[in-house]
Amino acid sequence: MLAAKVIMEQGIQVEGINFFTGFCVEGHTHAIRKRDQAKPKRNNALWVAEQLGIKLHIIDIIEEYKEVVVNPKHGYGANLNPCLDCKIFMVGKARQWMNDNGFDFIITGEVIGQRPKSQRKDTMPVVARESGADDRLLRPLCARNLPPTLPEREGWVDREKLYGFSGRTRKPQMELAKQLGLEDYAQPAGGCCFLTDENYSRKLADLWQTRGEKRYELDDIMLLKVGRHIRPRPHFKLIVAREEGEGRFLQGYKNRFPHLQTVSHGGPLTLIDGDLSDEELELAARIVARYSQGRDSEAVEVRAVRGLHEILLTVSPLKPHEIPPEWML
Amino acid sequence: MNRTIVDARGLLCPLPVIRLQDVVKTLPPATEVELIGTDPGVMQDIPAWCRINGHFIVESWNEGNEYHIRLKVGQ
């Protein structure tokens with residue numbers, strides 16, 4: 001937002017590009033969880049574009065992005081976040097869009113030293129080079145710390161009106177935002193990608209391990225955002241809704257997964273991912289009963305649906321100590 | 001009047017916006033489009049997207065768990 005505003009202040013036409021990878025935190029999570037419904041559901045990219053008065057193009061890169069996540073040339077960060085490869089990929093896509101739509105250069109809000117992997121002085125040239133953007137990639141907030149780019153050399157942009165910010169502090173940016181009249185903006189340094197989240201990455205790693213290959217579909221990564229994931233056996237796991245909003249979301253997957261629902265007591269909808277025997281189905285029902293309102297009862301009735309087959313099981317809920325921590329993903 | 005329908009049921013934002021954007025790109029000005037979604041976020045995101053891109057909301061309503069937004073493509 002700030003980088004765009006700095007360039008717009010020089011009278012240059014700017015349009016925004018927002019890439020949707022499937023791992024984005026905002027939007028989906030707000031819509032799924034009931035407890036988050038009080039939070040504003042605004043899409044930050046749309047909101048920023050509206051504040052700036054610019055067009056925004058939201059681009060679906062779900063399919064192409066898989067290769068970035070599965071096989072990052074520069075490796076992962078602390079979790080399964082391929083930040084440097086991600087940036088290279090997105091700037092490369094922006095370059096393609098720039099060429100297709102008759103624009104002259106790309107700007108990003110990067111600042112040297114702000115991020116440990118993708119925003120270092122030594123990795124910034126890597127992004128410019130490997131994305132193919134080369135010196136048509138301008139970082140207005142730290143440009144004065146970098147060699148002049150094509151837009152600066154050609155005089156399209158006045159380098160003297162760009163900035164030389166560096167480091168992890170956001171204070172200079174916040175000060176500049178104030179000067180430019182930007183008072184409301186997205187939380188600085190707020191994680192916007194589930195791949196930076198330790199718990200989420202653990203669930204994704206589990207998915208790949210049990211599949212025997214690093215592969216995913218959009219539904220897989222959406223379901224990793226929702227519910228308790230419990231793997232009592234290597235060949236199946238349960239996705240147990242934690243609250244009403246998640247239950248409603250999982251309803252949309254009922255036709256594609258075997259599922260369990262308590263009947264005698266209120267309880268969460270639970271999807272079963274994998275194949276299980278009749279004995280294992282009973283174990284699954286006992287786990288579901290544990291998370292139902294009948295958790296302290298002697299017996300709980302659970303309906304199990306597998307395709308067109310439906311059976312009613314009467315089970316005793318597992319006690320908390322009967323669920324080993326290693327089952328919880 | 002004929003109206004193009006964008007069925008975004010079951011999709012969470014921003015996918016309904018992306019589906020709408022891809023359809024609107026192919027339509028001439030003044031065409032009417034109706035988006036049907038199940039994510040309540042569409043009631044905020046679609047009007048914002050229209051304001052940014054010069055399209056017009058004609059009306060919006062909800063029926064049960066579905067949200068309907070009728071819009072007219074701008075210039």
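Domain bounds here come from an automatic or database domain assignment. With that in hand, let's walk through this predicted model.

**Stop 1: the whole of chain A**

Select chain A. It is divided into domain 1, residues 2-194, and domain 2, residues 226-327. Colour the two separately and look at their C-alpha centres, which lie 42 Å apart. Along its principal axes, the C-alpha trace of chain A spans about 75 × 40 × 35 Å.

Switch to cartoon and you'll have 12 helices and 10 strands to look at in chain A. Of the 329 residues in this chain, 37% count as buried. Take the contacts in chain A between residues at least 6 apart in sequence: 62% of them join residues at least 24 apart.

**Stop 2: where chain B touches chain A**

Now bring in chain B. How many residues of chain B are in contact with chain A? There are 17, and they meet 17 residues of chain A. On the chain B side, pick out helix 1 (15-24) and helix 2 (42-53), the elements that give two or more residues to the side touching chain A. Helix 2 of chain B gives the most, with 7 residues. Colour that side of chain B by residue type and you get 9 nonpolar, 5 polar and 3 charged residues.

**Stop 3: helix 3 of chain A**

Stay with helix 2 of chain B on screen and select residues 44-52 of chain A, which make up helix 3. Show side chains for Ala45(A), Leu46(A), Trp47(A), Val48(A) and Ala49(A): these are the buried residues of the helix. What covers them? The cover includes strand 1 (16-20) and strand 2 (56-60) of chain A, together with helix 2 of chain B. Step just past the end of helix 3 of chain A to Gly53(A), which takes a positive phi of about 75 degrees.

**Stop 4: the largest nonpolar core**

Next, head for the largest nonpolar core, which has 95 residues. Good ones to select are those with the most contacts inside it: Val91(A), Ile106(A), Ala284(A), Ala285(A), Val288(A), Val302(A) and, from chain B, Ile46(B). Helix 5 of chain A (residues 83-101) supplies the largest share of this core, 8 residues. Go back to your domain colours here: domain 1 (2-194) and domain 2 (226-327) of chain A both give residues to the core, so it lies between them.

Zoom in on Ile106(A). Which residues does Ile106(A) touch, not counting those up to four places away in sequence? They are Val91(A), Ala94(A), Arg95(A), Met98(A), Ala133(A), Arg136(A), Leu137(A) and Leu138(A).

**Stop 5: the six-stranded sheet**

Hide the helices for this one. In chain A, 6 strands form an open sheet in the order 5-6-8-7-9-10, with antiparallel pairing. Strand 5 and strand 10 (309-315) stand at the edges with a single partner strand each, so one side of each is left without a neighbour in the sheet. From one strand to the next, the twist averages 25 degrees.

Select strand 7 (residues 259-262) of chain A and look to both sides:

- Toward strand 8 (residues 270-274), the pairing is antiparallel over 2 bridges. His259(A) stands opposite Leu271(A) in strand 8.
- Toward strand 9 (residues 300-306), the strands also run antiparallel, joined by 4 bridges. Thr262(A) stands opposite Val302(A) in strand 9. You've met Val302(A) already, among the residues with the most contacts inside the core.

**Stop 6: the hairpin at strand 5**

Slide over to strand 5 of chain A, one of the edge strands. Strand 5 and strand 6 of chain A form a hairpin with 2 residues between them, and 4 bridges join these antiparallel strands. To see how they line up, label two pairs: His229(A) stands opposite Ile239(A), and Ile230(A) stands opposite Leu238(A).

Finish in the loop between strand 5 (228-233) and strand 6 (236-240) of chain A, where you'll find Pro234(A). Is Pro234(A) buried or exposed? Pro234(A) is exposed, with 10 other C-beta atoms within 10 Å; the cut-off for exposed is 12 or fewer. For a last distance, draw a line from the C-alpha atom of Pro234(A) to that of Glu298(A): these residues are 64 apart along the chain, and the two atoms are separated by 28 Å.

Key. Residues numbered from 1 in each chain as written. Chains lettered and ligands numbered in written order. Predicted model: local features only at pLDDT ≥ 70, side-chain atom pairs only at ≥ 80, totals over all residues. Contact = placed C-beta atoms within 7 Å. Nonpolar A, V, L, I, M, F, W, Y, C, P; charged D, E, K, R; others polar. Buried ≥ 20, exposed ≤ 12 C-beta atoms within 10 Å, placed from the backbone. Core = buried A, V, L, I, M, F, W, Y, C linked by C-beta atoms within 7 Å. Pairing = 2+ DSSP bridges. Axes fitted to C-alpha atoms, helices over the stretch in contact; angles between N-to-C directions.
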